[in-house]
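Let's take a walk along the place where two chains meet. Have a look at the structure first, and then we'll go through it step by step.

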Protein chains: 2
Amino acid sequence: MTPYEFRRAVRNGAFRGPTAGHCGEFAQANLAIMPEAYALAFLRFCNANPKACPLLAVGDPGAYAIDALGRDLDIRTDVPAYNVYREGRLVERVESLSELWQPDFVVFAIGCSFSFEAMLAREGIPLRHVEEGRNVPMYRTTIPNRRAGVFGGELVVSMRPMRGADAIRAVQITSRFPGVHGAPIHIGTPSALGIADLARPDFGDPVTIRDGELPVFWACGVTPQTALMAARLPLAIAHAPGHMLMTDIENTSLAVF
Amino acid sequence: MTPYEFRRAVRNGAFRGPTAGHCGEFAQANLAIMPEAYALAFLRFCNANPKACPLLAVGDPGAYAIDALGRDLDIRTDVPAYNVYREGRLVERVESLSELWQPDFVVFAIGCSFSFEAMLAREGIPLRHVEEGRNVPMYRTTIPNRRAGVFGGELVVSMRPMRGADAIRAVQITSRFPGVHGAPIHIGTPSALGIADLARPDFGDPVTIRDGELPVFWACGVTPQTALMAARLPLAIAHAPGHMLMTDIENTSLAVF
């Protein structure tokens, strides 16, 4: 199935589940939608924190079609599930934005770790959370984001345990993909990031860390979501966790080297 | 002289000239300043055209200090010369923005080719315009920029002639620096970009192209300036050509690999 066909299946209700594992050669995107009044500050926030918030595209104000992301794409209907936040609180989960859409909405599509995980898997680097059938563990850190207007907070990271040689190769591979979080931000001691206990992630599931493995930490796309919620906008919309926007962007095209 | 000391020399009027060749280890920045009403569209334009408009930093609305660019920096006084545009026309060149500053101004600092030229020179790749004591030749192309609001137009490129082996090495080196225009966008046939005659650049000076050399084209920071002028904003400000903002950002820190 092509990404175009996948989005059609979502649009007509034939597909409603999590998107992991589908159209593996193509980038999936985190979604953030907000009124134009907040868009400049949020865009500045993303630019100032590019490892956590790598932008794939930003829509024209009011536009639900974004050519840079995909052919004949309609952001109101092409994502399997959306979370609706009012004053920073999750108030609703919906399967379409047709009734909520406003002419001042601005759409942000942010790169997702699925893309670099596909690259790591291709190079034979084992991913523990995939082996164990879990979500990747994610942790709040004490590292402050660069603030922009109402958006601030701290960096959220994802963690993948690896042997040293795999960690080195993973640095090389992910460095080529700054558009999907890029190189890790830390290897080793969790306390350097303010993480007390790897067995108790703030999001996702814990995974086994074997003897001789190092925790490798990447900036995580949950960072802009927590910043968006903490800013308590009157109205903001995101994809439901795991239910991403499928784009026509080939993962390989995101390599800078 | 450190970048901090250099900016102080500018601020107190001791330095007023072009900035090429000064503080060679540090990034210099193209400057664009406009009222907040246009800032979201311009920021979207830069994000949509990252090779031509690689952002080093965006200021808070109204802010003339930008910590991400340098210590105790004052954008109103720390650039040797500014061009003032009204309705897209150059109306004035000034040495300070103290009288023109508005509380709704947003500052954009865009990466500059001086940074990657320093990297090429370090690797022993000769730069013809430097050898010949000229400005780099720049050309308007027929390649459309991705449009964002009032900002559109076509890509402007700079050209450096090189032997094949040097061109290959230059691709490798500049690919590491997406924050300062990154890899070239074209090698060879100028007509593929809609350039009729390399001897007649639209900006800068012509340079000698020797037998066996290929023209190598990079996206150029003049692109956002021409887009800004063509949009005919009531008021916009840029650095005067060649008179850049000196930052505290080390060129080497911009490498993604």
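Start right at the boundary: across the interface of chain A and chain B there are four residue pairs in polar contact. Keep in mind that this is a predicted model. So which parts of chain A do the touching? The elements that give two or more residues to that side are α2 (36-48), β2 (55-58) and α5 (164-175) of chain A. Helix α2(A) supplies the largest share, with six residues. Sorted by class, the side of chain A that touches chain B holds ten nonpolar, five polar and five charged residues.

Charges meet here too. The interface has two salt bridges. In a salt bridge between side chains, R44(A) pairs with D60(B), at 2.1 Å from N to O.

Now for the interface as a whole. On chain A, 20 residues are in contact with 20 residues of chain B. Together the chains bury about 1,600 Å², and carbon and sulfur atoms give 67% of that area. Within chain A, the residues that lose the most area to chain B are L40(A), R44(A) and F257(A), which together make up 37% of what that side buries.

Finally, how do the two copies relate? Chain A lands on chain B after a rotation of 180° with 0.0 Å of shift along the axis, and the RMSD is 0.0 Å. The copies are therefore related as by a two-fold rotation axis. Both use the same surface, since 100% of the contact residues of chain A recur in chain B. And L40(A) turns up again: of the residues of chain A, its C-alpha comes closest to the rotation axis, at 2.5 Å.

Methods:
Residues are numbered from 1 along each chain as its sequence is written. Chains are lettered from A and ligands numbered from 1 in the order in which they are written. This is a predicted model: local features need pLDDT of at least 70, side-chain atom pairs count only at pLDDT 80 or more; totals for chains, interfaces and linings use all residues. Side-chain values use heavy atoms; hydrogens and water are left out. Copies are superposed by least squares on the C-alpha atoms of residues with pLDDT of at least 70 in both. Contact means heavy atoms within 4.5 Å. Buried area is the accessible area (1.4 Å probe) that two parts lose on being put together, summed over both. A salt bridge is a side-chain nitrogen of Lys or Arg within 4 Å of a carboxyl oxygen of Asp or Glu. A polar contact is a pair of N or O atoms within 3.5 Å; within protein, one must be able to donate a hydrogen and the other to accept it, and residues adjacent in sequence count only if both atoms are side-chain atoms. Helices (H or I, at least four residues) and strands (E, at least two) are DSSP runs, numbered from the N terminus. Ala, Val, Leu, Ile, Met, Phe, Trp, Tyr, Cys and Pro count as nonpolar, Asp, Glu, Lys and Arg as charged, and the others, Gly among them, as polar.
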